[in-house]
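Hi,

Here is the structure I promised to pass on. Have a look at it first, and my notes come right after.

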Amino acid sequence: MSRNKQFKAESKRLLDLMINSIYTHKEIFLRELISNASDALDKLNYLSFNEEGIDRENLKIKISTDEQNKTIIISDNGIGMNESELEENLGTIAKSGSLVFKQELDENKKDDVDIIGQFGVGFYAAFMVAKEVVVESKKYNEEKAYRWVSDGSNGYRIDECDKADRGTTITLFLKDDTKEENYSDFAKQFKIETLVKKYSDYIRYPITMMVSKYEGEGDDKQLVVEEKTLNSMVPLWKRKRSEIKDEEYNEFYKNKFNDYADPQKVIHTHVEGAVTFDALLFIPSHAPYNYYSQDYEKGLQLYSSGVFIMDKASDLIPEHFRFVRGLVDSQDLSLNISREMLQHDRQLKVMANRIEKKIQSELKKMLANEREEYEKFWANFGLQLKYGVYNDFGAHKDMLVDLLLFTSSKEKKLVTLKEYVERMKEGQEVIYFASGDDVNKIDQLPAAELVKDKGYEILYLTDNVDEFALQVLQEYDSKKFKNITQGDLNLESEEEKKQVEEKKEENKDLLEALKESLKDKVSDVKLSTRLKSHPVCLSADEGLSFEMEKVLAQMPDGNPYGMKAVRILEINPNHAIFNALQNVYAKDKDKISKYADLLYDQALLIEGFDLEDPIAFSNAVCELMVEASK
Ligand code: ADP
Ligand code: MG
């Protein structure tokens with residue numbers, strides 16, 4: 001009655017490939033076998049709606065292990081397989097996948113090929129860990145049972161066997177341990193428990209295991225063996241939101257995503273339409289330690305009808321929301337999907353789109369209704385959103401612009417661009433900003449004084465990316481952004497303009513002399529219209545700003561084109577220093593270059609630049625002090 005058979009040729013190649021560890025996560029064999037068992041239970045469950053006598057309540061998956069003999073047994077009381085089904089289902093693999101299979105082989109992309117998923121050859125994953133697999137099965141409503149046995153490479157045999165109960169029992173004889181892999185670990189109870197929790201927690205049927213533990217104390221202590229259900233069966237995300245307590249969400253998040261802190265925000269949503277899915281998303285309450293480094297991997301866990309498919313499916317979450325953790329479960333995705341396929345999957349794109357919009361709208365809601373919470377969020381991940389505006393040439397700016405916050409000169413509080421524009425002074429046409437290391441330093445900038453004095457609000461930019469982000473935005477609500485240390489501000493009245501022009505004319509020679517002595521350092525020396533009480537400042541011409549110059553200089557490859565802001569030294573004509581300059585120039589024309597250097601160095605310091613020659617600066621100051629004491 002028994003016969004030896006060979007696997008089909010392709011099957012054999014595929015098996016070889018798989019067994020030779022093209023697929024790195026050997027542990028997924030358990031997920032595959034459990035999901036097959038679950039499918040078999042589903043099929044029987046379905047029949048039970050039309051047929052009498054099926055014990056629907058008792059459908060389950062049992063696992064037992066034997067550490068000594070290194071075996072794992074997985075059994076179900078599902079639909080089972082008869083002889084021809086064993087032959088058909090387990091004798092041939094990659095029935096339709098041969099073409100794709102060849103392509104994969106040719107391209108030799110070994111790293112990320114989910115062979116199992118791609119070909120629907122889940123069952124064969126068993127051979128990644130087992131040297132022999134025995135499948136005993138008795139089909140529902142049939143008399144005879146059959147045993148399928150294979151070592152994975154030399155074909156298989158099918159024999160009749162004794163099996164009392166309906167369903168399928170699969171026995172794995174684990175491979176011998178090697179240096180690289182301890183196959184015997186898979187026969188450990190805790191390992192099985194962990195894997196079930198990790199991959200199959202939400203399988204609808206109980207997955208049970210006989211678990212041994214000690215009970216009692218001292219002499220009464222004895223080993224008891226009891227049946228334990230390993231999976232929770234109902235996914236949290238499938239339960240009604242109104243029935244889930246905050247703690248449950250929090251515990252779930254912390255367990256699943258290894259965080260010690262509760263999430264700041266939980267987003268639980270069910271979407272129907274082109275693609276139906278549940279998403280359970282979390283915004284962490286702090287940035288992971290490696291968040292702004294290369295090590296951090298974004299992505300959401302992906303499930304198909306409760307069966308875990310993969311961790312960190314990165315295409316589900318856009319770069320600018322990469323801080324979001326969570327999972328997505330869809331009945332519209334097949335189990336047989338690999339990372340590579342995901343990138344091109346249309347349904348996945350639809351899902352990713354909906355998820356992005358959902359996150360945006362939740363953040364907007366938080367910003368509108370829970371300002372304090374939002375500012376906490378901003379402290380953690382605001383930088384990410386600003387990068388998001390800047391990245392991809394501004395492709396995501398509309399998604400993000402109304403989520404941005406900047407510190408403003410008014411009360412040094414965070415404002416949105418909308419808030420800024422709404423309270424702009426009458427006649428104000430631009431959005432003023434200034435950059436620097438910190439808010440206090442910017443607040444002290446000479447150029448900030450007059451702008452504030454005239455009643456305008458200034459956005460204080462303290463992150464490297466800020467100015468680049470504003471440059472990508474260009475404007476908000478048709479209001480352009482204007483750097484207060486750059487170009488003309490046009491804050492002065494016609495009258496004031498005239499006065500400055502006159503002064504300029506009167507002091508033409510002096511200004512020329514200053515310009516001449518600083519000719520290597522600045523492109524112009526001007527009488528300033530942006531200074532109030534400060535003697536001097538450095539401004540940049542339109543184009544590159546000082547801040548951008550500094551950021552460029554910090555880039556890994558430096559500033560290869562040597563791009564620099566065009567520097568202009570501005571002197572306050574209403575400051576006593578201007579009279580001093582006039583006096584010096586009148587008395588001793590040669591001395592003016594020393595004064596010019598000093599003024600320039602001061603302006604550099606105020607702008608947060610390093611001095612080119614600090615010693616010379618210090619000597620010059622001392623010289624002045626000595627002179628003044630005479
Ligand atoms: P897939 O699950 O994608 O169909 P598998 O290689 O995992 O591919 O399984 C092949 C087939 O073998 C299944 O489609 C099913 O018909 C059959 N099978 C596997 N395991 C069982 C089981 N425990 N009970 C009944 N049939 C099974
Ligand atoms: Mg399967």
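Below is what I found, going through a few helices and then two loop residues. Keep in mind that this is a predicted model.

Let's start with α7, which runs over residues 189-200 and so has 12 residues in the helix. From first C-alpha to last, α7 reaches 15 Å, close to the 16 Å expected at 1.5 Å a residue. Its buried residues are Ile192, Leu195, Val196, Tyr199 and Ser200. Looking down the axis of α7, you'll see these buried residues fall within an arc of 100°, so they line one face of the helix. What sits over them? The cover on the buried residues of α7 includes one helix, α2 (28-47), along with the strands β2 (61-66), β3 (71-76), β8 (207-215) and β13 (307-313).

Helix α3 (residues 83-91) can be read in a similar way. Here Leu86, Leu90 and Gly91 are buried. They cover an arc of only 90° around the axis, and that puts them on the same side of α3.

Next, a helix pair to pull up on screen: α21 (residues 592-606) and α22 (residues 614-629). These two pack at an angle of about 120°, and their axes are 10 Å apart. Since oblique covers angles between 115 and 145 degrees, that makes α21 oblique to α22. As for handedness, the crossing of α21 and α22 is left-handed. On the α21 side, the contact is made by Lys594, Tyr595, Leu598, Asp601, Gln602 and Leu605. Facing them from α22 are Phe617, Ala620, Val621, Glu623 and Leu624.

Finally, the backbone. Which residues other than glycine have a positive phi? Two to check are Ser478, with a phi of about 65°, and Asn490, with a phi near 55°. Ser478 lies in the loop between β19 (475-476) and β20 (479-483), and Asn490 is found in the loop between β20 and α17 (494-506). Are they buried or exposed? Ser478 is exposed, its relative accessible area being 58%. Asn490 is exposed as well, with a relative accessible area of 52%.

That's what I have for now. Shout if anything is unclear.

Cheers

Methods: Residues are numbered from 1 along each chain as its sequence is written. Chains are lettered from A and ligands numbered from 1 in the order in which they are written. This is a predicted model: local features need pLDDT of at least 70, side-chain atom pairs count only at pLDDT 80 or more; totals for chains, interfaces and linings use all residues. Side-chain values use heavy atoms; hydrogens and water are left out. Helices (H or I, at least four residues) and strands (E, at least two) are DSSP runs, numbered from the N terminus. The expected span of a helix is 1.5 Å times one less than its number of residues. Buried means under 20% relative accessible area, exposed over 50%, partly exposed in between (1.4 Å probe, protein chains only). The arc is that of the directions from the helix axis to the C-beta atoms. Contact means heavy atoms within 4.5 Å. Axes are lines fitted to C-alpha atoms, for helices over the stretch in contact, and angles run from 0 to 180 degrees between N-to-C directions. Angles under 35 degrees count as roughly parallel, over 145 as roughly antiparallel, 65 to 115 as roughly perpendicular and the rest as oblique. A crossing is left-handed if the near helix is turned anticlockwise from the far one by less than a right angle, and right-handed if clockwise.
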